[in-house]
Each structure stands twice: as C-alpha cells, then as structure tokens.
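Hi,

Here is the structure I promised to pass on. Have a look at it first, and then read on for what turned up in it.

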Amino acid sequence: MIDLTPDASVALIIALALLVLFAGVIIGSRRQAAPTPQATPTSTNDRLAAVENRMLEVEQKLNKISVEVQHLPTAETVAAMAVKIADIGGDVKALHTSVLATNRLVERIDQWLLTKGTP
C-alpha cells in the first residue's frame, strides 16, 4: 500500500470523483441516444441528411458535456479545497490531543476521589 500525505489523498479522491462523474455523463448520454436503425441512403440528398442528423446528435452530446464541465471545479478551486481540508485536519489533530489530555485529567481526578473516599 502506498502512503500518501493527506493533501495527496484528498487530491486523489477529488480527481477520482471527477473521473467518475465525467464517465457517468458519457455513459448516460450514450444510453439516452440509443442508435436507431437507419435505412441505407440511396441518393446524395439522403446521405447528406443522414450526415446532418449525425452531426446534430454529436453537437447535442457535446453541448451536454460542456454544460456538465462548466459545473466542475477548476484546478485552483481543487487546490484551495485541498489546503482547507488539510487545515481542518490539523485542527482536528489539535482537538484530539486536547481531548486526550482532558480525559487523562478526569481519570486522575476520578482516581483521587475514589481513593480519598475509602476510609
């Protein structure tokens, strides 16, 4: 197993989430636009109409993808989120240390009270 820093782990998780989202959009668009059986075009006009239809389908798919990509975070946003998450991780570690110290103090007070209470 590879040991990663918390920043690298967060960046890797975000990158995987974006990859899954993009793959889902691609797969979803393919399922929605099921291929329709087309008759074999016989004339130039029929072939041109078929090509135009395919081009319109591709443009629609491209528009759907571009709308989804617009909502994705930029590299700067991901980097800023990674920094903030790392800061929060440091705060949690500091709180953990404080809670442990408080727990030890409470245990000592409890032990003192128990020993003082016995005659």
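Going from the N terminus, the elements of the chain run α-α-α. That makes three helices and zero strands. One thing to keep in mind before you start: this is a predicted model.

First, the surface and the interior. The chain has 119 residues, and buried ones make up 7% of them. The accessible surface comes to about 10200 Å², with 66% of that belonging to carbon and sulfur atoms.

Next, the empty space. How many cavities of 30 Å³ or more are there? The count comes to one. The largest cavity holds about 40 Å³ of space. Its lining is made up of Leu21, Phe22, Val25, Ile65, Glu68, Val69 and Leu72. By class, that lining has six nonpolar residues, no polar ones and one charged. As for where the lining comes from, helix 1 (6-32) and helix 2 (44-70) each supply at least two residues.

Leu21 is worth picking out of that list. You will find Leu21 in helix 1, and Leu21 is also one of the residues that line the largest cavity. Is Leu21 buried or partly exposed? Its relative accessible area is 40%, so Leu21 counts as partly exposed, given that buried means under 20% and exposed over 50%. Leu72, another member of the lining, sits 51 residues away from Leu21 along the chain, yet the two C-alpha atoms are separated by 9.4 Å.

Now for a couple of long-range pairs that share Asp7. Gly89 is found in helix 3, and its C-alpha is 9.8 Å from that of Asp7, with their positions 82 residues apart in sequence. Asp87 lies in helix 3 as well. For Asp87 and Asp7 the C-alpha separation is 9.9 Å, at 80 residues apart along the chain. On exposure, Gly89 has a relative accessible area of 32%, so Gly89 is partly exposed. Asp87 comes out at 47%, so Asp87 is partly exposed too.

Last, a patch on the outside. Which residues form the nonpolar patch on the surface? They are Leu105, Ile109, Trp112 and Leu113, and together they have about 410 Å² of accessible area. Of these, Leu113 is found in helix 3 (residues 75-117). Leu113 has a relative accessible area of 49%, which means that Leu113 is partly exposed. A residue needs over 30% to be taken into a patch, and the 49% of Leu113 fits with that.

If you want somewhere to begin, I would put these on screen:

- the lining of the largest cavity, with Leu21 and Leu72 among its residues
- Asp7 with Gly89, 9.8 Å apart from C-alpha to C-alpha
- Asp7 with Asp87, at 9.9 Å between C-alpha atoms
- the nonpolar surface patch, including Trp112 and Leu113

Cheers

Definitions and conventions: Residues numbered from 1 in each chain as written. Predicted model: local features only at pLDDT ≥ 70, side-chain atom pairs only at ≥ 80, totals over all residues. Heavy atoms only, no water. Patch = residues over 30% accessible without salt bridge, like charges linked within 9 Å, V, L, I, M, F, W, Y side chains within 5 Å. Areas by Shrake-Rupley, 256 points an atom, 1.4 Å probe, with all protein chains shown as cover. Salt bridge = Lys/Arg side-chain N within 4 Å of Asp/Glu carboxyl O. Helix = DSSP H or I, 4+ residues; strand = E, 2+ residues; numbered from the N terminus. Buried < 20%, exposed > 50% of the residue type's maximum accessible area, 1.4 Å probe, protein only. 1 Å grid on protein atoms, 1.4 Å probe; cavity = no way out; pocket = protein on both sides within 12 Å on 5 of 7 lines; lining within 4 Å. Points joined across faces, edges and corners; volume = space filled by probe spheres on them. Nonpolar A, V, L, I, M, F, W, Y, C, P; charged D, E, K, R; others polar.
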